[in-house]
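Colleague: I have this model open and would like a close look at a single part of it. Could you pick one sheet, take me through it strand by strand, and then place it against the rest of the chain?

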Amino acid sequence: MSRFHERYGLTPIINACGKMTHLGAAAVPPEVTSRVMEAMSEFIDMPEFLKVASEAIADATGAEAGTVTHCAAAGIAVTCAGAMTGDDLGNVLSLPDTTGLKNEVILQKGHAVNFGAPVTQMIRMTGATAVEFGETNRALPEHMVRAINANTAAAIFVLSHHTVQHNQLSFAEFVEVADAHGVPVIVDGAAEAFLARELLEAGASAVVFSDQKHLNGFTAGVIAGNRDLIDATARQAMGLGRAMKPTKEGIVSVIATMEWLRTFDRDAYFADMDAKTDPVVEAMAKIPGITAISEPDITGNPQARAKIIVDPAITGTTAEEVCDALKAGTPCIHPRAHHVDEGFFYIDPVELRLSEVPTVIARLEEIFASARVPVEV
């Protein structure tokens with residue numbers, strides 16, 4: 001048990017779930033922590049420091065500008081607000097009263113997900129109306145065209161494993177319709193920092209992502225995009241964005257992680273993930289009633305996960321029971337259990353230490369061995 005867990009009486013956790021808010025997001029590396037600690041005893045001109053952050057974000061993502069807010073959820077809210085108000089301080093101060101402003105933000109019905117809170121609530125808290133278009137299992141360009149009108153301030157595209165993954169508008173289709181009608185596109189890509197540059201190149205007006213997820217930083221939301229929209233978004237700090245303001249530690253962290261992102265080696269990162277995933281797949285594939293495969297991340301992050309498909313008739317247990325046993329046991333292991341009702345779960349390598357892989361394998365083998373249905377003779 002670490003000194004931290006012992007101090008607060010907390011349960012030590014092996015994180016095989018991923019960059020999850022409920023587990024504390026990411027393990028922050030010493031090179032980021034040291035930069036933050038250097039700043040903590042200093043005073044700074046925050047607007048001046050945010051300009052430094054803007055340059056760092058632009059350099060790392062190819063955006064015209066960037067800004068920092070408290071988290072990605074806050075980033076959605078202030079960017080939607082910026083799309084409505086522009087850089088007009090009177091408009092900023094009026095929110096959530098949107099009288100006289102374009103006040104509708106559209107999104108595909110299959111993207112109206114809950115990431116811990118509803119995406120639509122992040123929109124509505126600004127005073128905007130969230131307008132969903134299409135059907136739960138289908139969205140067409142015609143649906144989107146119909147949803148756009150004189151009050152449309154922006155369109156949000158949610159890039160997440162939570163969304164419906166089939167029969168939705170692709171990002172290219174989404175941007176094409178939005179561009180044809182002069183509507184800015186905001187991407188909610190909380191865990192998609194690695195894709196920010198290509199999303200901006202593909203037509204996003206702004207991309208919102210977390211510093212505390214794949215970037216392994218402190219809690220902060222990063223917004224990269226077109227200068228006009230970024231300026232309008234940053235202006236929200238004088239209005240509703242004040243409740244979501246960035247801290248100096250968040251800004252320092254973003255600058256540090258942007259430097260890392262600028263030189264990011266995608267192939268090396270993928271290889272590091274595979275070094276943790278492949279042994280799990282190999283071990284689980286030997287267990288009767290288990291199908292184990294390495295499955296690439298569906299949103300395009302440079303990693304695969306060990307997908308463990310459980311046949312209860314052979315194993316004598318269900319995917320949900322296995323996940324519950326992992327969390328209830330010693331050590332406490334949190335798998336990625338979003339799909340247990342479909343009969344499978346994942347071992348996610350992104351926050352799993354290489355030294356912890358044998359422990360995870362041994363615990364899974366123990367659970368399956370104790371549950372195995374006796375063979376009749």
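What follows is a walk through the small antiparallel sheet, and then its surroundings.

Modeller: Happy to. Keep in mind that this is a predicted model, and that every value below is computed from it.

Let's start with the layout. The sheet is open and has 3 strands, in the order 9-10-12, with antiparallel pairing. Strand 9 and strand 12 (344–347) are the edges, each pairing on one side only. On average, neighbouring strands here are turned by 30° against each other, direction ignored. As background, strands of a sheet pair through backbone hydrogen bonds, either parallel or antiparallel.

Now the two seams. Strand 9 and strand 10 pair over 7 bridges in the antiparallel sense. If you want a register mark on that side, put Thr 291 opposite Ile 309 in strand 10. On the other seam, 4 bridges join strand 10 (residues 304–310) to strand 12, again antiparallel. Two pairs fix the register there: Ile 308 has Phe 345 of strand 12 as its bridge partner, and Lys 307 has Tyr 346.

How covered is strand 10? Mostly: 6 of its 7 residues are buried.

Next, zoom in on one position of strand 9, which spans residues 290–296. Ser 294 sits in that strand and counts as partly exposed, because its relative accessibility is 35%, between the 20% and 50% cut-offs. Setting aside neighbours within four places in sequence, Ser 294 is in contact with Thr 277, Asp 278, Val 281, Ala 304 and Arg 305. For a distance across the sheet, take the C-alpha atoms of Ser 294 and Ile 347: they are separated by 9.8 Å, with the two positions 53 residues apart along the chain.

Arg 305, one of those contacts of Ser 294, deserves its own stop. The side chain of Arg 305 meets that of Asp 297 in a salt bridge, 2.9 Å from N to O. Are the two partners buried or exposed? Arg 305 has a relative accessible area of 9%, so it is buried. Asp 297 comes out at 11% and therefore counts as buried too.

Other salt bridges are worth a look while you have the charged side chains displayed. A search of the whole structure finds 13 of them. One is between Glu 356 and Arg 353, at 3.2 Å from N to O, and Glu 356 is buried at 11% relative accessible area. Another joins Glu 366 to Arg 363 at 3.0 Å, N to O. Arg 363 is buried as well, with a relative accessible area of 14%. Glu 366 and Arg 363 both belong to helix 15 (residues 357–371), where they are 3 residues apart, about one turn of the helix. Coming back to Arg 305, salt bridges with shared partners join Asp 297, Arg 305, Arg 336 and Asp 348 into one network.

For context, there is also an open sheet of 7 strands, with mixed pairing and the order 2-8-7-6-5-3-4. Its edge strands are strand 2 (65–69) and strand 4 (129–133), each pairing on one side only. The average turn between neighbouring strands of this sheet is 25°, direction ignored. Within it, strand 5 (residues 152–158) and strand 6 (residues 185–188) run parallel and are joined by 4 bridges, and Ile 156 has Ile 186 as its partner in strand 6. Helix 4 (residues 72–85) packs on this sheet, touching strands including strand 2, strand 5 and strand 7 (206–210), and its direction makes about 160° with that of strand 7. Helix 10 (residues 227–234) packs on the sheet too, touching strand 2, strand 6, strand 7 and strand 8, with its direction at about 25° to that of strand 2.

Finally, the nonpolar side of the picture. The largest nonpolar core has 49 residues, and those with the most contacts inside it are Met 144, Phe 209 and Met 258. Helix 11 (residues 248–262) gives the largest share of this core, 6 residues. Neighbours within four places aside, the contacts of Met 144 include Ile 106, Phe 133, Leu 169 and Phe 174. A second, separate core has 33 residues, among them Val 105, Leu 107, Val 113 and Ala 154.

Terms used:
Residues numbered from 1 in each chain as written. Predicted model: local features only at pLDDT ≥ 70, side-chain atom pairs only at ≥ 80, totals over all residues. Heavy atoms only, no water. Salt bridge = Lys/Arg side-chain N within 4 Å of Asp/Glu carboxyl O. Buried < 20%, exposed > 50% of the residue type's maximum accessible area, 1.4 Å probe, protein only. Core = buried A, V, L, I, M, F, W, Y, C linked by side-chain atoms within 4.5 Å. Contact = heavy atoms within 4.5 Å. Pairing = 2+ DSSP bridges. Axes fitted to C-alpha atoms, helices over the stretch in contact; angles between N-to-C directions.
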